[in-house]
Amino acid sequence: MKKACPVVAVLLCLVAQAAGATPTDFTVRGRGDDPVDLPHELSEGKWYYTVMFESGTGDEPTFQLQSVGDDCDGNATKELSASAEGERLSVGRYPPGICAGWHEVYPTGAATWSIQFVTERSHSEPPPLDRGGSNCPLERACLSNGFTVGVEYQDGIGRWHQARRQANLSDDSAVFYFFEPSNAEVLVKVLNGCEINENWWVFSAPATDVVYRVTVWPPDNGRGTRWTAARANPSSEPGFSWVSAITDPRAFSCADDQPSDPF
């Protein structure tokens, strides 16, 4: 027997039922604390989900995923981690997983937000958005060469915000985004130049007109040594603006990983 559809999603639900309710990847977006209907059904099984947000209070917001149907027993509500990136959600007919069917997201404390849902395929799992490692914070790139990279960007009134890792591209490079995971903003590389000039090299390439700065921590960061470069406000001409790339072939000494002066 087919489940009842909420009025706001009747057409989408009928289409999904007619097609056998094939799982569909999707992203839902909202502003403020108003609940938002998910545009597609979460079928039973495993899903990856990734949460993006700008906080309206400065604190980490909360997101509640709720059933809007009446065909599930028990508690059909689950809190989604506000820092989730590629985390899995168990969806089932009954708790402890979220009840399969139509759902709404109830956010609290978020200015703008988006949640991407990616279904787990039958023969292989979809890859996470990046290869940065499960123990690496979202605001860092933990490179295989042992260095850790962070990027911050500046808003229009001079406040600094943490960028997030979009993807680790290789053992020594990563890409960061500011606002949307699909919009890469800055590439950072930490290269081994020890055989050339006895130093590690740090480079960055912006694909943005937003002011940014890069911080790099060496492998033994317990000593507190780190390299930081902050870029000045972008120069501009009519119809043209730019921010600086970073080119430092003497960022860290290979002998002791001591940082150079980036300025």
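Leaving aside its neighbours within four places in sequence, which residues is Ala207 in contact with? In this predicted model, the residues are Ala184 and Glu185. Ala207 itself sits in a loop, the one between strand S16 (199–206) and strand S17 (212–217). Another residue to inspect alongside it is Leu187, which is 20 residues away from Ala207 along the chain; the C-alpha atoms of the two are separated by 8.1 Å. Is Ala207 buried or exposed? Its relative accessibility is 55%, and exposed means over 50%, so Ala207 counts as exposed.

The contact partner Ala184 leads to strand S15, which covers residues 184–193. In the protein chain, confidence is highest in this strand, at a mean pLDDT of 94. The opposite end of the scale is helix H1 (residues 10–18), where the mean is 39 and confidence is lowest. Residues 1–21 keep a pLDDT under 50 throughout, and the model has 20 contacts for them beyond four places in sequence. A further stretch, residues 123–134, also has pLDDT below 50; the model gives this stretch 24 contacts beyond near neighbours in sequence. For the protein chain, the average pLDDT is 76, with 73% of the residues scoring at least 70.

The strand pairing can be followed from an open sheet. Four strands make up this sheet, and their order is S2-S8-S4-S5, with antiparallel pairing. Strand S2 (36–37) lies at one edge and strand S5 (77–80) at the other, and each of these pairs on one side only. Inside the order, strand S4 (residues 62–67) is joined to S5 by four bridges in the antiparallel sense. For a point of reference in this pairing, Phe63 stands opposite Leu80 in S5.

Strand S3 is the next element to trace. It spans residues 45–55 and pairs with strand S6 (residues 87–92) through five bridges, again in the antiparallel sense. Here Gly45 stands opposite Val91 in S6. S3 is also joined to strand S9 (residues 110–119), by nine bridges, and these two strands run antiparallel. Within that pairing, Trp47 has Thr119 in S9 as its bridge partner. When reading side-chain directions along such elements, one general point applies: in a regular strand the side chains alternate between the two faces of the sheet.

Technical notes. Residues numbered from 1 in each chain as written. Predicted model: local features only at pLDDT ≥ 70, side-chain atom pairs only at ≥ 80, totals over all residues. Heavy atoms only, no water. Pairing = 2+ DSSP bridges. Buried < 20%, exposed > 50% of the residue type's maximum accessible area, 1.4 Å probe, protein only. Contact = heavy atoms within 4.5 Å. pLDDT = per-residue confidence, 0-100.
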